[in-house]
Protein chains: 2
Amino acid sequence: MRKPLIIDCHGHYTTAPAALEEWRKRQIANLNTPALGPKPSELRISDDELRESIEANQLRLMRARGSDLTIFSPRASFMAHHIGDLETSKTWAAICNELCYRVSQLFPDHFIGAAMLPQSPGADPATSIPELERCVREYGMVGINLNPDPSGGHWTSPPLSDRHWYPLYEKMVELDIPAMVHVSTSCNPCFHTTGAHYLNADTTAFMQCLTSDLFKDFPTLKFLIPHGGGAVPYHWGRFRGLAQEMKKPPLSEHLLNNIFFDTCVYHQPGIDLLTNVIPVKNVLFASEMIGAVRGIDPETGHYYDDTRRYIEAADIGDEDRFRIFEGNARHVYPRLDALLTRKGF
Amino acid sequence: MRKPLIIDCHGHYTTAPAALEEWRKRQIANLNTPALGPKPSELRISDDELRESIEANQLRLMRARGSDLTIFSPRASFMAHHIGDLETSKTWAAICNELCYRVSQLFPDHFIGAAMLPQSPGADPATSIPELERCVREYGMVGINLNPDPSGGHWTSPPLSDRHWYPLYEKMVELDIPAMVHVSTSCNPCFHTTGAHYLNADTTAFMQCLTSDLFKDFPTLKFLIPHGGGAVPYHWGRFRGLAQEMKKPPLSEHLLNNIFFDTCVYHQPGIDLLTNVIPVKNVLFASEMIGAVRGIDPETGHYYDDTRRYIEAADIGDEDRFRIFEGNARHVYPRLDALLTRKGF
């Protein structure tokens with residue numbers, strides 16, 4: 001068996017040049033007076049600046065850790081769909097997606113794009129479709145990030161199982177792209193963004209699917225739940241039992257043809273539980289590097305988010321490791337698979 | 001070493017006679033016309049009815065599973081603090097607490113009470129103190145359930161680290177009682193009550209403590225986080241790393257003198273992770289029986305919530321098992337410890 005490509009399915013552009021954040025601050029300052037700008041054209045970031053921001057950061061760490069290819073989307077905490085209105089989000093998403101596209105063009109062997117959507121609280125998800133189509137058809141992006149809570153911690157949208165979201169799912173199925181279900185910054189002071197809101201959203205999304213028959217309506221729809229699935233694998237018995245009480249089919253039939261988990265779990269015991277409890281076909285390698293947890297674990301001497309080490313050390317066979325590192329990503333992201341096939345992988 | 005008492009620190013009166021629910025329905029029907037009743041005195045449940053509801057259910061299963069003593073509080077999902085106003089909750093809490101007290105009097109060797117509080121969205125937590133004092137001083141209760149989100153899934157209260165909650169903490173410290181941090185029914189359609197809201201609240205509460213210096217202000221305050229700590233142990237590396245980024249002390253110093261986790265995790269791999277990752281001194285036996293997950297796991301042939309089996313099978317020594325079953329509960333619930341000491345344990 002050949003060595004797997006190491007595909008990290010969860011990377012965000014957390015290191016974009018400072019000009020991006022400055023542009024966003026101006027956009028926010030003028031929310032009520034958008035005519036005062038800034039225009040998208042006022043954001044100027046050169047290819048050299050992009051190159052430097054990637055080479056000194058993500059690419060450096062990818063080389064050090066031996067990962068090959070990152071599915072790369074705009075910074076999750078900066079999506080901040082709760083800010084402004086639909087037009088605010090449309091402009092901001094277009095800018096952020098374009099930057100990820102440019103990174104994928106500058107480093108075509110190492111980065112491939114996934115899109116953020118121009119979601120906004122109360123807006124019909126169908127309003128995200130034009131940006132989604134543009135990102136897939138013009139930018140060659142292979143997936144999207146779908147925010148189940150554009151309100152940023154107030155949870156004012158219907159559950160993901162509601163028909164509210166169906167127009168988006170129809171387009172996803174048509175284009176054959178999966179969604180990573182990923183919230184953004186919490187503006188609810190109860191929820192710390194990366195320590196509570198992210199994990200809560202993962203658990204919540206899974207349960208919204210469990211209680212519904214969403215995947216009967218969309219048998220080929222695929223959701224990737226990040227951060228190791230929130231609380232789900234740790235409580236797998238609870239979820240199996242709840243499904244049983246509700247007379248749902250076993251989770252393997254009910255959800256596991258459509259729901260996948262990434263490996264953004266930052267210690268060995270967590271990864272061991274994940275790979276032990278969840279069928280290996282449903283686990284995709286990811287690190288969310290450079291992200292919420294950037295330090296070195298004093299217990300191991302290695303970066304917390306160097307998740308490849310945990311997968312290498314997990315008690316699984318080489319075939320399973322191949323699936324986690326490469327095979328499952330190619331299954332979940334068919335457009336990535338087609339691209340890699342064209343490149344001879 | 002003697003055999004431990006098996007103390008289940010997380011039981012709710014989920015099997016109360018139907019008259020209780022009927023009374024509550026009438027209370028809810030008259031929320032806007034409370035003068036129409038019902039009065040508390042209109043709820044009549046005999047000792048025989050209480051006995052039967054316990055003997056046929058919790059006590060039967062305690063005997064079958066070999067647990068000795070349950071810390072018993074009103075049904076969590078029925079607290080529903082979001083319904084009505086402070087007066088609604090005061091009346092309802094008093095009724096529910098009295099029933100748990102009566103159960104503890106009917107079965108003094110097997111049940112000891114913990115109180116629900118008459119919380120209400122927007123109400124000052126100090127308004128819960130009279131009921132709390134009554135339950136401890138008159139009913140001999142040994143702990144409380146503290147709802148960090150009385151709104152029922154809208155999370156409109158300040159974080160647990162906010163001074164908003166301090167009057168309650170001062171009283172808890174004075175009376176030397178811990179709080180189980182436990183939400184109630186979700187009235188937000190995004191959150192399934194037992195599959196999402198409960199686990200999210202556990203994770204959220206832990207993170208609210210992590211980002212704060214609450215336990216510097218209250219060094220002897222104790223929180224028990226139920227459902228195995230939500231997502232926390234599974235993501236222990238993430239939480240260690242986040243604390244490190246925030247320049248907080250190691251979690252063992254920062255939180256683990258004050259925060260404890262129960263064992264309501266309904267499969268062996270989850271319990272194995274919990275007892276492997278979290279210091280054993282911070283883990284308290286519990287099952288939340290009869291609760292959210294009542295079925296039999298087809299993979300084991302045993303009840304999902306028969307958590308004693310998982311503790312017995314975990315790779316820990318007899319001393320550790322003693323602590324989980326008895327010792328830690330006596331440390332976290334000093335009033336229980338005093339009672340057991342008086343009884344010769």
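Which residues in H10(B) are buried? That was my opening query, and I put it to a predicted model.

**Entry 1: helix H10 of chain B**

I went through H10(B) and noted Trp236(B), Gly237(B), Arg238(B), Phe239(B), Arg240(B), Gly241(B), Leu242(B) and Ala243(B) as buried. The helix spans residues 236-245 of chain B, and eight of its ten residues are buried, so I wrote it down as mostly covered, taking buried to mean under 20% relative accessible area.

Next I asked what covers the buried residues of H10(B). Both chains take part: from chain A, the cover includes helix H8 (193-210) and strand S10 (296-297). From chain B, it includes helix H8 (193-210), helix H11 (251-254), strand S8 (259-262) and helix H12 (268-277).

I also looked just past the end of the helix. Lys247(B), just after H10(B), takes a positive phi of about 60 degrees.

**Entry 2: where the two chains meet**

With chain A helping to cover a helix of chain B, I looked up the whole contact. I found 58 residues from chain A and 57 residues from chain B in it. Cys190(A), Tyr234(A) and Arg238(A) supply 19% of the area that chain A buries against chain B, more than any other three residues. As for the total, about 4500 Å² is buried between chain A and chain B, and carbon and sulfur atoms give 57% of that.

**Entry 3: chain A as a whole**

I stepped back to chain A. I noted 15 helices and eleven strands. The C-alpha atoms fill a box of roughly 55 × 45 × 40 Å along the principal axes.

Why call chain A a compact globule? A compact globule of 345 residues would have a radius of gyration near 20 Å, and chain A has 19 Å, so the value agrees.

Of the 345 residues of chain A, 62% count as buried. I also checked the contacts with a separation of 6 or more: residues 24 or more positions apart account for 77% of them. The area that chain A exposes is about 12500 Å², with carbon and sulfur atoms supplying 50% of it. For charge, I have 34 positive and 42 negative side chains in chain A, and the centres of the two sets lie 2 Å apart.

**Entry 4: odd backbone spots**

A reminder to myself: most residues other than glycine have a negative phi, and most peptide bonds are trans. I then went looking for exceptions.

In chain A, I found a cis peptide bond from Met289(A) to Ile290(A), with omega near 0 degrees. Ile290(A) sits in the loop between strand S9 (283-284) and S10 of chain A. Glu288(A) is found in the loop between S9 and S10 too, and its phi is positive, near 50 degrees. Is Glu288(A) buried or exposed? With a relative accessible area of 5%, Glu288(A) is buried.

Chain B gave me a cis peptide bond as well, joining Gly37(B) and Pro38(B), with omega about 0 degrees. I placed Pro38(B) in the loop between helix H1 (18-29) and helix H2 (47-55) of chain B. Asp176(B) has a positive phi of about 60 degrees although it is not a glycine. I found Asp176(B) in the loop between helix H7 (166-175) and strand S6 (179-181) of chain B. Asp176(B) has a relative accessible area of 37%, so I logged it as partly exposed.

**Entry 5: three residues in chain A helices**

Met172(A) is in helix H7 (residues 166-175) of chain A. Its relative accessible area is 1%, so Met172(A) is buried. What is Met172(A) in contact with, leaving aside its neighbours within four places in sequence? I listed Ile144(A), Ile177(A), Pro178(A), Ala179(A), Leu221(A), Lys222(A) and Phe223(A). I also looked up Gly327(A), 155 residues from Met172(A) along the chain; their C-alpha atoms are separated by 21 Å.

Leu86(A) is in helix H5 (residues 86-106) of chain A. Beyond its neighbours within four places in sequence, I found Leu86(A) in contact with Pro118(A), Ser120(A), Ala123(A) and Thr127(A). Pro121(A) is 35 residues from Leu86(A) in sequence, and the C-alpha to C-alpha distance is 8.1 Å.

Last, I looked at Ser252(A), which lies in helix H11 (residues 251-254) of chain A. Ser252(A) counts as partly exposed because its relative accessibility is 43%. Ser252(A) and Ile278(A) are 26 residues apart in sequence, and I noted 9.3 Å between their C-alpha atoms.

Methods
Residues are numbered from 1 along each chain as its sequence is written. Chains are lettered from A and ligands numbered from 1 in the order in which they are written. This is a predicted model: local features need pLDDT of at least 70, side-chain atom pairs count only at pLDDT 80 or more; totals for chains, interfaces and linings use all residues. Side-chain values use heavy atoms; hydrogens and water are left out. Helices (H or I, at least four residues) and strands (E, at least two) are DSSP runs, numbered from the N terminus. The radius of gyration is taken over C-alpha atoms; the globule rule is 2.2 Å times the number of residues to the power 0.38. Buried means under 20% relative accessible area, exposed over 50%, partly exposed in between (1.4 Å probe, protein chains only). Contact means heavy atoms within 4.5 Å. Accessible areas come from the Shrake-Rupley method with a 1.4 Å probe; for residues, only the protein chains shown count as cover. Lys and Arg count as positive and Asp and Glu as negative; His and the chain ends are not counted. The place of a charge is taken as NZ of Lys, CZ of Arg, CG of Asp or CD of Glu. Buried area is the accessible area (1.4 Å probe) that two parts lose on being put together, summed over both.
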